[in-house]
Amino acid sequence: MKLALLGCGNVGSEVVRLMRTREDELAARIGEPIEIVGIAVRRLDRDRSHLPVDKAMFTTDALGLVKREDVDIVVEVAGGIEPARTWITTALGAGKSVVTANKALLAEDMPALAAAAKTGGADLYYEAAAAAAIPLMRPLRESLHGDTINRVLGIVNGTTNYILSQMTQTGASFEEALSEATALGYAEADPSADVDNYDAAAKAALIASLAFHTQVDLDQVYRAGLRAGQSSTGEWTKGVSAADIASAAAEGRVVKPLCIATREADGVSVRVHPAMIPATHPLANVNGAYNAVFVEAESAGRLMFYGAGAGGTETASAVLGDIVAVARNKRGGITAFPPEAAYQDLPVKPIDEARTRYHVSLDVVDEPGVLARVAATFAHHGVSLATVHQSGRGDDAQLVVVTHTAADKQLSDTVKELSQLTSVHQVTSVMRVEGE
């Protein structure tokens, strides 16, 4: 069986290395040898002498490689939207199975890719796209296919988890923790994809689509990042501060970068943002660059998947698993891509309708009646208070309020009105509280 590899960066290089060092094992598991016949790269002049392949195997003509008649499987690890979309749809249309780690493309254009796979009678596997080495997509797609999944709660980006772990464990500011992450290679020179949660949003769309048998597009995922900036709906969010970390710890909680997908009676809700969770929650002790995903199903109950969420070798491991799977299918003359993947077609609810608890910090004037006015504002919008803590600061005070469950719009309207009270200097922080 013959394979074309598109991309030879950190992940692609590891795919080459692992396929060569494990070729006898892979042949035994598939039932016949599998051979890389070409590797598409952007530049031919880079030194790739460390790879155990003939340099004549490298080409800059990726599309020509895809179209070769002797290619059975195409592995795409180059990333980006175009020309990767053209490569993949061309391969699928020709009946060649595809393995990809391209979360951005999958999240943006899954319906078209699925249609191409169905038309061509080919497989489309993407285990590495959501959580690198963590086996998550196949359990959602196969192992739990007979169950009903109601909720997925997870940490799906190692960079943001490292940053918040450092802020929690060392007291570092966001800027200091980001600088450490960059020095260690966890964060790119431009960290926007990670710290503004674009990466996590793409993964959330893929996870929710499989979990709920409903097409969830990237622009339907609510996204707010770790640093101050605009969310996906355009409102300004304050990010995560050292004060937020300390406030969470004082209440027995930790702040984590969460992916949350929930099935409800009238649709599904999908969002990615930092949130507080109880220090006793299984995800609370997932630290550093590790990822974990907590799945709640009706029959199977609560399941947790944990492991490295990034890294060339770790991601290549998931890619190899998919290669073995599609190669076996090829030998058996079958395809496993489920054409009914989005058969439920549940509506995706806007963030305004998402329901959770909230942690709200306010700087207020320290005078009689302030707490009553603040409480009345919450009540006016139908938001019930669970706890209130007040601490004095000379003529001013800080109020920390934790609410009962409310809709996001109720809380948003409450915060707008609180900001207009003369006794409120500012609403310093608003953070969702999950896992309780």
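# A guided tour of helix packing, empty spaces and unusual backbone

The crossing of helices H2 and H13 is right-handed, and this is the opening stop in what is a predicted model. To view the pair, select residues 23-30 for H2 and residues 312-332 for H13; their axes come within 9 Å and cross at roughly 40°. The two helices are therefore oblique to each other. Next, display the side chains at the contact: H2 contributes Leu26, Arg29 and Ile30, while H13 contributes Leu320, Val324, Ala327, Arg328 and Arg331. Coloured by class, the residues of this contact comprise 5 nonpolar and 3 charged, with no polar ones.

Keep H13 on display and add helix H1, residues 10-21. H1 and H13 pack with their axes 8 Å apart, at an angle of about 60°. That angle makes H1 oblique to H13. The crossing of H1 and H13 is right-handed. On the H1 side, select Asn10, Val11, Glu14, Val15, Arg17, Leu18 and Met19; on the H13 side, they meet Gly312, Thr313, Thr315, Ala316, Ser317, Val319, Leu320 and Ile323. The contact of H1 with H13 divides into 8 nonpolar, 5 polar and 2 charged residues. Leu320 deserves a label, since H13 uses this residue in the contact with H2 and in the contact with H1.

Move now to the loop between strand E4 (73-76) and helix H4 (84-93), where proline 83 is placed. What kind of peptide bond joins glutamate 82 and proline 83? The bond is cis, with omega at about 10°. As a general matter, most peptide bonds are trans, and most residues other than glycine have a negative phi.

From this loop, continue into H4 and select helix H5, residues 103-120, as its partner. The axes of H4 and H5 come within 8 Å and cross at roughly 20°. H4 and H5 are therefore roughly parallel to each other. Their crossing is right-handed. Ala84, Arg85, Ile88, Thr89, Leu92 and Gly93 are the residues to show in H4; in H5, they meet Leu105, Glu108, Asp109, Leu113, Ala116, Ala117 and Gly120. This contact of H4 with H5 has 7 nonpolar, 3 polar and 3 charged residues.

The next selection is alanine 132, in the loop between helix H6 (128-131) and H7. Is the phi of alanine 132 positive or negative? Phi is near 55°, a positive value, and the residue is not a glycine.

H7 leads on to the empty spaces of the model. In general, rolling a probe the size of a water molecule over the atoms shows where empty space is left. The structure holds 3 cavities of 30 Å³ or more, and the largest cavity has a volume of about 60 Å³. To locate this cavity, select its lining: Tyr125, Tyr126, Glu127, Met137, Arg138, Arg141, Leu210 and Asp322. Which helix gives the most to that lining? Helix H7 (residues 137-143) does, with 3 residues. By class, the lining has 4 nonpolar and 4 charged residues, and no polar ones.

The last stop is the second largest pocket, which holds about 660 Å³ of space. Centre the view on Tyr222, Glu235, Trp236, Thr237 and Val430, which lie nearest the centre of the pocket among its 26 lining residues. Then highlight the elements that give two or more residues to the lining: strand E10 (236-237), strand E12 (267-278), helix H15 (408-420) and strand E19 (424-433). The largest share comes from H15, with 7 residues. Coloured by class, the lining of this pocket divides into 11 nonpolar, 7 polar and 8 charged residues.

Definitions and conventions: Residues are numbered from 1 along each chain as its sequence is written. This is a predicted model: local features need pLDDT of at least 70, side-chain atom pairs count only at pLDDT 80 or more; totals for chains, interfaces and linings use all residues. Side-chain values use heavy atoms; hydrogens and water are left out. Axes are lines fitted to C-alpha atoms, for helices over the stretch in contact, and angles run from 0 to 180 degrees between N-to-C directions. Helices (H or I, at least four residues) and strands (E, at least two) are DSSP runs, numbered from the N terminus. Angles under 35 degrees count as roughly parallel, over 145 as roughly antiparallel, 65 to 115 as roughly perpendicular and the rest as oblique. A crossing is left-handed if the near helix is turned anticlockwise from the far one by less than a right angle, and right-handed if clockwise. Contact means heavy atoms within 4.5 Å. Ala, Val, Leu, Ile, Met, Phe, Trp, Tyr, Cys and Pro count as nonpolar, Asp, Glu, Lys and Arg as charged, and the others, Gly among them, as polar. On a 1 Å grid over the protein atoms alone, a cavity is a set of points where a 1.4 Å probe fits but cannot get out, and a pocket is an open set with protein on both sides within 12 Å along at least five of seven lines; lining residues have an atom within 4 Å of a point. Grid points are joined across faces, edges and corners, and a volume is the space filled by probe spheres set on the points.
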